[in-house]
Amino acid sequence: MSEPVATLPIGQHDAIRAFRAAMDSGALHHAWLFTGPQGVGKGSFARIAALRLLAEAARPDALPPGFDVPDDDPTRRMIAAGSHPDYRLLTRLPKDADKPEGDTARSITIAQVRALQPMFATKPSMSAARVVLIDAIDDLERPGASNALLKNLEEPPAGTIFILVSHAPGRLLPTIRSRCRQLRFDALDDDAMRVVLALALPEASGEELTALIAAGEGSPGRALGYAGLDMAKLDAAMASIAADGDPGNGARGKLAKALSLKAAQPRYEAFLDRVPGFIADRAADRSGEPLRIALDAYDAARALSISARALSLDQQATVYEMAGLVARLAPPRLQ
């Protein structure tokens, strides 16, 4: 399986430098766990690192410094074509093999992990190195696939480097975590977020970029998932409700009606994601009783966001209730 190799992620200089130093040390650990919030560049860098590791092993004196691999490099071409014998990428497969753009399976199966064994039974073909990349290891079918992988991590085949991408390492088997060296990828600050989003969305207005930065909470991938949903308008509606408490319930009713339309489903999903973060942003500058009120509203919003999806709650009623939680942020005299 092949995917386009991305450019180095912005805002992850420390992680990138740390991995390059490990490569240059001549004693690269056999298993790496790339951790951090989803959408901050872990998967992109994992693919870049895999390409560079294999290209460098095949032609150690032919590459520029860092992680660059020229377009005409044989390793890059083989990975792009999905034909490199020493590279395996494990991700969730499409549910329907005839519809690769459709929904994906819920997990990376034990069959996918076991399919690595024939490769491990032989030496690497193109150099002394091979790479297995799993994105994300959180998706491994448990317990079967996790246990099958653990055997390889405990007794790594010669020359094999495992790169495991995880958004929630605390949920992994402790025995898997203990076999890996962890490399942390942090959430981006607002300046780095703006750079990434401006490059990806050159037509977006400053107002929309600001709203996407807030909604992304340090994750460019998450923010880009909201592109085109007019997050600035949603934030403006919530800011208005938070400012005056919406005493006549008109604003929250209007918002609930707008987000309950069938065509508004993506914006409804974005709203469910955004409200807890919006409340958390407002809580940051509070203390005393106003802070307690905001934290209670935050907890309630998170719980409602989860249950709304799990239980398929009525969208209009859910938005109305969510907006009511935002209204709690208004000064007491306005509520």
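In this predicted model, strands β3 and β4 run parallel and are joined by six bridges. One of the facing pairs consists of valine 131 and isoleucine 161, the latter in β4. β3 covers residues 130–135, and β4 covers residues 160–166.

On its other pairing, β4 meets β1, residues 31–35, through five bridges, and these two strands also run parallel. Here leucine 33 stands opposite leucine 164 of β4, and alanine 31 stands opposite phenylalanine 162 of β4. β1 in turn is joined to β5, residues 181–184, by four bridges, again with a parallel run. Tryptophan 32 faces arginine 181 of β5, while phenylalanine 34 has leucine 183 of β5 as its bridge partner.

These pairings belong to an open sheet of five strands, ordered β2-β3-β4-β1-β5, with parallel pairing. The edges are held by β2, residues 87–90, and β5; each has a single partner strand, so one side of each lacks a neighbour in the sheet. On average, neighbouring strands of this sheet are turned by 15 degrees against each other, with direction ignored.

How enclosed are the strands β1 and β4? In a regular strand, side chains alternate between the two faces of the sheet. For β1, Ala31, Leu33 and Thr35 lie on one side and Trp32 and Phe34 on the other, and all of them are buried, so that both faces are covered. Five of the five residues of β1 are buried, and the strand is therefore largely enclosed by the rest of the structure. β4 is mostly covered as well, with seven of its seven residues buried. From β4, Thr160, Phe162, Leu164 and Ser166 point one way, whereas Ile161, Ile163 and Val165 point the other way, and all are buried. The residues named above as bridge partners recur in these sets: Leu33 of β1 is buried, and Leu164 of β4 is buried.

Part of the surroundings of the sheet comes from helix α6, residues 144–154, whose buried residues are Ala145, Ser146, Ala148, Leu149, Leu150, Asn152 and Leu153. The buried residues of α6 pack against the strands β1, β3 and β4, and also against the helices α4 (110–114), α5 (117–120) and α7 (174–178).

Further along the chain, the helices α8, α9 and α11 can be followed through two contacts. Two packed helices are described by the angle between their axes and the distance between the axes. For α8 (residues 190–200) and α9 (residues 206–216), the axes come within 10 Å and cross at roughly 120 degrees. That angle makes α8 oblique to α9. The crossing of α8 and α9 is right-handed. On the α8 side, the contact is made by Asp190, Met193, Arg194, Leu197 and Ala198; α9 contributes Gly206, Leu209, Thr210, Leu212, Ile213 and Gly216. Sorted by class, the contact of α8 with α9 has six nonpolar, three polar and two charged residues.

The second contact joins α9 to α11, residues 231–244, where the axes come within 8 Å and cross at roughly 75 degrees. α9 and α11 are therefore roughly perpendicular to each other. In α9, the residues involved are Glu207, Glu208, Ala211, Leu212, Ala214 and Ala215, which meet Met231, Ala232 and Asp235 in α11. The contact of α9 with α11 divides into six nonpolar, no polar and three charged residues. Leu212 of α9 takes part in the contact with α8 and also in the contact with α11.

The chain as a whole sets the context for these elements. Its secondary structure comes to 15 helices and five strands. Along the principal axes, the C-alpha atoms fill a box of roughly 70 × 40 × 40 Å. Of the 335 residues in the chain, 44% are buried. Among contacts with a separation of 6 or more, 71% are between residues 24 or more positions apart.

How values were computed: Residues numbered from 1 in each chain as written. Predicted model: local features only at pLDDT ≥ 70, side-chain atom pairs only at ≥ 80, totals over all residues. Heavy atoms only, no water. Axes fitted to C-alpha atoms, helices over the stretch in contact; angles between N-to-C directions. Parallel < 35°, antiparallel > 145°, perpendicular 65-115°, else oblique. Left-handed = near helix turned anticlockwise from the far one by under 90°. Contact = heavy atoms within 4.5 Å. Nonpolar A, V, L, I, M, F, W, Y, C, P; charged D, E, K, R; others polar. Buried < 20%, exposed > 50% of the residue type's maximum accessible area, 1.4 Å probe, protein only. Pairing = 2+ DSSP bridges.
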